[in-house]
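Let's work through a few short exercises on this model. Keep the structure open while you read, and try each task before you look at its solution.

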Amino acid sequence: MVHTRWLVLVAFILLSVVATLPVPVLSQACPTDRSHLIPRFEGRWFLVGANVPWLNGGFGADFATVEEWNQHTYDPNATRIMFRTLRQQGANTLRWWLFADGRGTPEFDTNSGGAVTGLDANFLPSLANAIQIAAEEDIYLVFNLWSFDMLMADSTVSGRGEHAGGHRDLIVESAKRVSFINNALLPMLNYPVGASGYTIGTHPHVLAWDIFNEPEFVINELPHFVPASDISQPVTLAQMQRFIAEISGAIHRNSNQLTTVGSASMKWNSTGALGAAGNFWSDAALIAYDPQGYLDFYQIHYYGWMNGDERYWSYSPLFIDWYEGQFDKPVVIGEVPANAGGTNRTPTQLLAELRANCYAGAWVWPYFNVSDNTGQWSDAAAAVKALTDAVPAEMRIVKTALTPRVYIPLALR
């Protein structure tokens, strides 16, 4: 009798514990019209590939030149090998950083707070060459323009290189924003890509422009934003929204390509995630500053610290699917650890679950190992190949003629 009572008590306790655990919610079936995927070439696609903050050890110098160090690291052969490796292992896209903190290009008229005067001589030819190779190897490129590093303190030549950081004025001053758009962004979009007949802004293998990497880390606005400790020149949310909107609007008016922003977490890009602060990159948040300043798709980053307790807060796309996040656009997971570290998944499980949760893609971080705990492309290659082989209709982008956009004229402000 005592033994039976003990068993009943244990069973009751176990049932009570189970009842308090979060119940996993199975993803709804993804939309049959594939509206959760990225639109391009009259189709919709799941984007899968890698991040390249730098290719040959030259942060901000892959295409540009850090003159003070005589550093320009672009290498066509290394670029082709990387593209071919990605394609052979199932990838279709690559997120590659351009300006980063400003140490290489664009060119500024002073060290700190200067207006943009142009682009260095190496930048556009190198960029156009990489795009030509991407077309030959059938890889689609997403170029990241700026990163939160641009709002670190202005660096010395012996530190991070001249002009590295110290560019708050580029965000907060209208004349400086216009100088970047007129003297760097538009010349880049209008630059011809070899004899292809395309410019950079019309080339089919430039899929999108990622305007800012993890902008939330440079915003100082409680309760939702606290700048990272190494950010000495933070901005307000409204200032960042205007900067993103005006650049996105200029791209929409001068190219037929897509725009996005590399949000650090769905915490700041979702109205439905547990504990989320809201979607600060929505159409409503951006078109107030520029009618064409919207983003074409969202991009959120995911690392293990975002798992949360899965009861009161979680920013994990493994726990919060596209529907639960209440996203109104396709969402690419723009950074995930290549080795799936901290996710409690293998790389194969990680990618499969992100797709099952109706996200529009995943770019592993990074291609080459640049940190201690995220791995590199080789850790994820087999998982990418398996996913591509399983659902090739979503991964193998079929190129057709692009429909020209109709633009609303807008005076720069």
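**Exercise 1.** Find the bridge partner of Ala 50 in β14, then place the two strands in their sheet.

*Solution.* This is a predicted model, so we're reading computed features. Start with the partner: Ala 50 is bridged to Val 364. Next, zoom out to the strands, where β3 (residues 47-52) and β14 (residues 361-365) run parallel and are joined by four bridges. Now look at what covers them: helix α9 (residues 377-390) packs on the sheet and touches β3 and β14, with its direction at about 165° to that of β3. Finally, follow the whole sheet, a closed barrel of eight strands in the order β3-β4-β7-β8-β9-β12-β13-β14, with parallel pairing. Ignoring direction, neighbouring strands there are turned by 25° against each other on average.

**Exercise 2.** Work out why strand β9 counts as largely enclosed.

*Solution.* Take one side of β9 first: Leu 258, Thr 260 and Gly 262 are all buried. Then flip to the other side, where Thr 259, Val 261 and Ser 263 are buried too. That makes six of six residues buried, so β9 is largely enclosed by the rest of the structure. As for its pairing, β9 runs parallel to β8 over four bridges, and Gly 262 is the bridge partner of Asn 213.

**Exercise 3.** Describe the lining of the second largest pocket.

*Solution.* Begin with the volume, about 260 Å³. Then check the 17 lining residues: Glu 214, Tyr 303, Glu 335, Trp 365 and Thr 374 lie nearest the centre. Sorted by class, the lining has nine nonpolar, five polar and three charged residues.

Terms used
Residues are numbered from 1 along each chain as its sequence is written. This is a predicted model: local features need pLDDT of at least 70, side-chain atom pairs count only at pLDDT 80 or more; totals for chains, interfaces and linings use all residues. Side-chain values use heavy atoms; hydrogens and water are left out. On a 1 Å grid over the protein atoms alone, a cavity is a set of points where a 1.4 Å probe fits but cannot get out, and a pocket is an open set with protein on both sides within 12 Å along at least five of seven lines; lining residues have an atom within 4 Å of a point. Grid points are joined across faces, edges and corners, and a volume is the space filled by probe spheres set on the points. Ala, Val, Leu, Ile, Met, Phe, Trp, Tyr, Cys and Pro count as nonpolar, Asp, Glu, Lys and Arg as charged, and the others, Gly among them, as polar. Two strands pair if DSSP finds at least two bridges between them. Axes are lines fitted to C-alpha atoms, for helices over the stretch in contact, and angles run from 0 to 180 degrees between N-to-C directions. Contact means heavy atoms within 4.5 Å. Buried means under 20% relative accessible area, exposed over 50%, partly exposed in between (1.4 Å probe, protein chains only).
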